[in-house]
Amino acid sequence: MNIYYSDEEGRLDSEIKSLMEKAALKALSLEFPDVLEEKSMKPEDLDAEIGVTVVDAEEIRSLNRDYRGNDSVTDVLSFPQYDDMEELAYDLGDEEVTALIGDVVICYDRVLSQAEEFGTGVTREFVYLFTHSILHLMGYDHMEEDEKRVMRAREEEILGSIGVNR
């Protein structure tokens, strides 16, 4: 499992990156236990990639407008490479394929404002937004109230398991 970071300003320190990697590995272990069991693998041994880019408010607004038709600043955007989680599971289990799970774009300005608003701190906000986004990459949504409850529970399960709490 590899995470590739693009953060020209150096806002992702080693602690944040370590926690993001732990969150991604936990999410993979929770979402694809059959693949791991069948291949007798640990999540870190999967040939998979996620890209993470940290941008400012202007850049994420532009991306949000161009890709979602929403001309506003948002905190995080997810760009999944799979529409079908069975296809992702298949590729994760295929030793000859690198599963390009998708890309995460996080708005640093929103990280700062939300960390202050919620009193959570910058590290937790980065890791929360990353966790939220990778769940989107793995097929989760929160448009309906029942979907939102399921997604929030999974977020808290992942964050709690890596020691990131409110």
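**Entry 1: the chain as a whole**

I began by reading along the sequence, where the chain follows the pattern β-α-α-β-α-β-α-β-α-α-α. I looked up the totals and found 7 helices and 4 strands, where helices (H or I, at least four residues) and strands (E, at least two) are DSSP runs numbered from the N terminus. I note that this is a predicted model, in which local features need pLDDT of at least 70 and side-chain atom pairs count only at pLDDT 80 or more, while totals for chains, interfaces and linings use all residues. Residues are numbered from 1 along each chain as its sequence is written, and side-chain values use heavy atoms, with hydrogens and water left out.

I then looked at the overall dimensions, and the C-alpha atoms of the chain fill a box of roughly 45 × 35 × 35 Å along the principal axes. The radius of gyration of the chain is 16 Å, which agrees with the value near 15 Å for a compact globule of 166 residues; the radius is taken over C-alpha atoms, and the globule rule is 2.2 Å times the number of residues to the power 0.38. Of the 166 residues, 42% count as buried (under 20% relative accessible area, with exposed over 50% and partly exposed in between, for a 1.4 Å probe and protein chains only). Among contacts with a separation of 6 or more, I noted that 65% come from residues 24 or more positions apart, a contact being heavy atoms within 4.5 Å.

**Entry 2: α1 against α6**

I looked up how α1 and α6 meet: their axes come within 9 Å and cross at roughly 30°. Axes here are lines fitted to C-alpha atoms, for helices over the stretch in contact, and angles run from 0 to 180 degrees between N-to-C directions. The two helices, α1 and α6, are therefore roughly parallel to each other (angles under 35 degrees, with over 145 roughly antiparallel, 65 to 115 roughly perpendicular and the rest oblique). On the α1 side the contact includes I16, L19 and M20, and on the α6 side it includes F126, F130 and I134. By class I recorded 11 nonpolar, 2 polar and 2 charged residues for this contact of α1 with α6, where Ala, Val, Leu, Ile, Met, Phe, Trp, Tyr, Cys and Pro count as nonpolar, Asp, Glu, Lys and Arg as charged, and the others, Gly among them, as polar.

**Entry 3: α7 against α1 and α6**

I turned next to α7, which packs with helix α1 (residues 14–31) at an angle of about 125°, their axes 9 Å apart. That makes α1 oblique to α7. In this contact A23, K26, A27, L30 and E31 of α1 meet R154, E157, I158 and S161 of α7, which I recorded as 4 nonpolar, 1 polar and 4 charged residues.

Helix α6 (residues 122–137) and helix α7 (residues 145–161) pack at about 130°, with axes 10 Å apart. That makes α6 oblique to α7 as well. The contact includes Y128 and H132 of α6 and M151 and L159 of α7, and by class it has 6 nonpolar, 3 polar and 5 charged residues.

**Entry 4: the loop between α2 and β2**

I closed with the loop between α2 and β2, where S40 lies. S40 has a positive phi of about 50° although it is not a glycine, and S40 is exposed, with a relative accessible area of 69%. D45 lies in the loop between α2 (33–39) and β2 (48–55) and is partly exposed, at 43%. I also noted that D45 and N2 are 43 residues apart in sequence and 9.5 Å apart in space, C-alpha to C-alpha.
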